[in-house]
Amino acid sequence: MKKNFPILVVDDEDVMCESMGAWLREDGYRVDTAPNGQNAIELAKVTNYAICFIDLKMPGGMDGIETMMEIHQVRPDASVIIITAYATVDTALQAMKEGAQEYIVKPCNPQEISMLVSRILKLKKLQSENAILRKKLTRQYRHHDIITKNPRMEEILALTNEVASLRSTVLIRGESGTGKELVARAVHYSGNRAEKPFIVVSCAALTETLLESELFGYEKGAFTGASGQSKGKFELADGGTIFLDEIGDISPKLQADLLRVLQERRFYRVGGTNEIEVDVRIIAATNKNLAQEVQLAHFREDLYYRLNVIEIHLPALRERREDVPLLAEHFVNRISSELGREVHGITPAALKVLMSHDWPGNVRELENVIERAIVTCRNGMLDEQDFSWLQKNSAPQTWDIPDVPLGELERRAIVAALERKHGNVKEASAALGIDRSTLYDKLKRYEITH
Amino acid sequence: MSVLYLVAVGNVPDVVWEWIGDAVAEWFPLPIERLPPLPVPEAAYDAKRGQYQSVEIMRMLVERVPNHDSRILGVTNVDLAIPMLSFLFGQAQLNGPVAVVSLCRLHQEFYGLPAQESVLRERTVKEVLHEMGHTFGLVHCGERKCAMSLATHIELVDSKSEEYCSRCGLQLAQRFTTTDGGV
């Protein structure tokens, strides 16, 4: 690991370079030395030094601070430690102001310098791990990871690419399970906010009061239990994107608050008196027909138009059946690897079953179905019989449907699913082919306790 | 031919050479030869600090090595330092022919305690193995008990053992498995 962090020692004194170089090499570092600033810059052009020890006073030519500034031109990430024989507050301040990470007076205790080097390198290692994770995350949500050959989806992907670096609000519509969050992430990670946070808020999962403090944060004493100040999701997303899922379910009060944030990019924490300004891009999603909700006076018209600057309507999976084999293959590869199961593909007969299913739960349902089939699969390939339960479920059935309102049927279906799954919301939502936040919304609407 | 030369820089008591001789003979399968003592070079003295620059001593020692395959270990009683650091227990060239160990801060008397020969012996052996290990390519080891672990104060020297950990020991042994001692 230490060899990945080369060190440069810059000092006009030969003895200093030689002795410091030898001491650091004993610790396993690759060390180069330079007798002056010019030489140091030439070396820095070739090698990405993690740390540069630079003597403050070097006669005839560039001094330590000038050398540091030039090195930072070519290696902005290099940590510079300025060395001096005489400590003065002024030079220390100047060195730190110009970008030195540390300022040390020689001679110093071996333990001090050993700890200083390991502290800097520990930080660099964390920074590098962080950068790798960010890259992985970006790669994961880039457009090419949304699997499709459907022309309408391809148009949508082209659109997300075009709007990725804009700040305009995006409204994503689509049935549950069509991948609204995935598209929102693709917009975020393809644009110039990719390095900043992407914060998800499921509006349907929380009550009005909870959602308000979740979105805007709260001050100490704002309500019973607010024992300290807390930042809201809007503040956490500053510089990045906030994804408001199930936006059609927010209360009229929150609709008004949200409208204000959209118009002014400012808000107050709950119980707060100081206005907070943020730079946040808003992406909202809903499975409702918001235009209709506006007509029914359930949703503010002004907020609807503010949100609906760029509209993306995701097709249901049954409208893009050509993607089923591609998606199925992708899920088989990913899930079998995650579960450590030796499943290598799907037989044509099994694919026929998948193609003929209507997928009311869309891509999420397909993913769940593949996972269940992989768990029970006895051969190396998913075959027709691995989906026999699916055929059974999707085959036309004759039900004794009572003469009750449609909503009551839905309520009964939810209660039955919860009973079958022993109150497990995750499993019940999968069985019903809807996502958890939608189920929570329905539980709230039908006042079902579980 | 590879030889391990041992040399006093200034006055070093004979008993110290007995301790060192036994330790190096156990770990380094090379012919060992004692050279006549060398004076501490005047150029090494830093009057401002009252210490001796190890680099100057190492420069003097490197001239005494007949070939790059041999090693020379200088032992001195003077207090060593380098411009950047306030003191050193010893220093070596990584994968190079020269190592130097100072006994100055290994004495209990340096810390205001009564002299204790057994403690001095243990510390001397640990530091000799440490600096000699560097000359054979070993870098600092994360295993606290290993002779190759970094000691930046005397308590850390005392917490080491008088041997290499299995990983460093193996790496060292591999250096001597090739022909001509592998040095």
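In the predicted model, five strands of chain B are assembled into an open sheet of mixed pairing, in which the strand order is β2-β1-β5-β8-β7. The edges of this sheet are occupied by β2 (32-34) and β7 of chain B, and because each of these has a single partner strand, one side of each is left without a neighbour in the sheet. From one strand to the next, the twist averages 15 degrees.

At the β7 edge, the pairing can be described at the level of residues. Strand β7(B) is joined by 3 bridges to β8 (residues 98-102) of chain B, the two strands running antiparallel, and Q91(B) is placed opposite V100(B) of β8(B). Strands of a sheet pair through backbone hydrogen bonds, in either a parallel or an antiparallel arrangement.

Two helices of chain B lie across strands of this chain. Helix α2(B) lies across β1 (4-9), β5 (71-76), β7 and β8 of chain B, and runs at about 135 degrees to β8(B). Helix α3 of chain B, which comprises residues 117-135, lies across β5, β7 and β8 of chain B, with an angle of about 160 degrees to β8(B).

The contact between the two chains involves 19 residues of chain B and 21 residues of chain A. On the side of chain B that touches chain A, the elements contributing two or more residues are α2 (54-62) and β7 (90-92) of chain B; β7(B) is also one of the edge strands of the sheet. By class, this side of chain B consists of 10 nonpolar and 9 polar residues, with no charged residues.

Technical notes
Residues numbered from 1 in each chain as written. Chains lettered and ligands numbered in written order. Predicted model: local features only at pLDDT ≥ 70, side-chain atom pairs only at ≥ 80, totals over all residues. Contact = placed C-beta atoms within 7 Å. Helix = DSSP H or I, 4+ residues; strand = E, 2+ residues; numbered from the N terminus. Nonpolar A, V, L, I, M, F, W, Y, C, P; charged D, E, K, R; others polar. Pairing = 2+ DSSP bridges. Axes fitted to C-alpha atoms, helices over the stretch in contact; angles between N-to-C directions.
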